[in-house]
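Let's take a friendly walk through a protein chain together. Have a look at the sequence and the 3D view below, and then read on.

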Amino acid sequence: MSPAYLTDAERASQALREHEASLPAGQVELATLEFRHPSLTQPVRVVHDRADHELTLEASAAANPGESVTFQKSAFDMSFPAQQEDRSPEVQLEAMNANAILERVLDDTLATDAPVDLTVRVWLSTDTSAPAAVVEGLQIRASDADDRSVKAVAGTYVWEKAAGLVYTRQSHPLLGGR
């Protein structure tokens, strides 16, 4: 059990470390990103590894459901910061060494008004028949690239922000219940 004084981000980080430490010997998690956008003829799929991987998508996948597809090797970092009361959770992505695949996706897709959809999946190296975890419904909100890295922020669509409204317990006391 986590101590009460830890933040949500620290608890999530601690839980992730405990999970990784509990993996059986020889078993590795394969973290993947799938980018979808109307300007792309196929989704762009990358895996955090030094080799390409053929992985089978879940039956409910937005593109190629239930099919075995290739994820291209890539080096990227991903973090899930703590949730804040006035905004939905965001995923921070960073691809080192100006990753050409991700830089191309962000350049081509963010030049239009259409959203870039992102799905994060994790497979276990011992079972690539279906992902062990799926986070879907994310959209790229912002990106930046330089000669060393590509950075992006993704989150869920926030309807109240689109309408220009942010509901809090202070402004709308009935939201918090009793």
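## The order of the elements

Following the sequence from start to end, you meet helices and strands in the pattern α-β-β-β-β-β-β-α-β-β-β-α. That makes three helices and nine strands. Keep in mind that you are looking at a predicted model.

## The chain as a whole

The chain has 178 residues, and 31% of them count as buried. About 11,100 Å² of the chain is exposed, and carbon and sulfur atoms supply 52% of that area.

How much of the contact pattern comes from residues 24 or more positions apart? Among contacts with a separation of 6 or more, such pairs account for 54%.

## A network of salt bridges

The structure holds four salt bridges. Which residues are linked in a network of salt bridges? They are Glu 34, Arg 36, Arg 45, Glu 58 and Arg 121.

Let's start with Glu 34. With a relative accessibility of 0%, Glu 34 counts as buried because the cut-off for that label is under 20%. One of its partners is Arg 36, and the closest N and O atoms of this salt bridge are 2.6 Å apart. Arg 36 has a relative accessibility of 16%, so it counts as buried too.

Glu 34 also meets Arg 121 in a salt bridge, this time with an N to O distance of 3.3 Å. This pair links distant parts of the chain: Glu 34 sits in strand β1 (residues 29-36), Arg 121 sits in strand β7 (residues 117-124), and 87 residues separate them.

Arg 121 is buried, with a relative accessible area of 1%. Arg 121 forms a salt bridge with Glu 58 as well, where the closest N and O atoms are 2.8 Å apart. Here again distant parts of the chain are linked, since Glu 58 belongs to the loop between β3 and β4 while Arg 121 is in strand β7, 63 residues apart. Is this pair buried or exposed? Both Glu 58 and Arg 121 are buried.

## An alanine in the loop

Now move to Ala 59, which is found in the loop between β3 (53-56) and β4 (68-74). Is Ala 59 buried or exposed? Its relative accessible area is 70%, and the label "exposed" applies over 50%, so Ala 59 is exposed.

What does Ala 59 touch, apart from its neighbours within four places in sequence? It is in contact with Pro 65 and Gly 66. You can also look for Ala 130: it is 71 residues from Ala 59 in sequence, yet the two C-alpha atoms are 8.7 Å apart in space.

## Strand β9 and its partners

Finally, find strand β9, which covers residues 149-156. This strand is mostly covered, with six of its eight residues buried.

Which way do β6 and β9 run with respect to each other, parallel or antiparallel? Strand β6 (residues 90-96) and β9 are antiparallel, and seven bridges join them. As an example to look for, Leu 93 has Ala 152 in β9 as its bridge partner.

Strand β8 (residues 133-145) also runs antiparallel to β9, and seven bridges join this pair. Here you can spot Ile 140 standing opposite Ala 154 in β9. Between β8 and β9, three residues form the link of a hairpin.

Notes:
Residues are numbered from 1 along each chain as its sequence is written. This is a predicted model: local features need pLDDT of at least 70, side-chain atom pairs count only at pLDDT 80 or more; totals for chains, interfaces and linings use all residues. Side-chain values use heavy atoms; hydrogens and water are left out. Helices (H or I, at least four residues) and strands (E, at least two) are DSSP runs, numbered from the N terminus. Buried means under 20% relative accessible area, exposed over 50%, partly exposed in between (1.4 Å probe, protein chains only). Contact means heavy atoms within 4.5 Å. Accessible areas come from the Shrake-Rupley method with a 1.4 Å probe; for residues, only the protein chains shown count as cover. A salt bridge is a side-chain nitrogen of Lys or Arg within 4 Å of a carboxyl oxygen of Asp or Glu. Two strands pair if DSSP finds at least two bridges between them.
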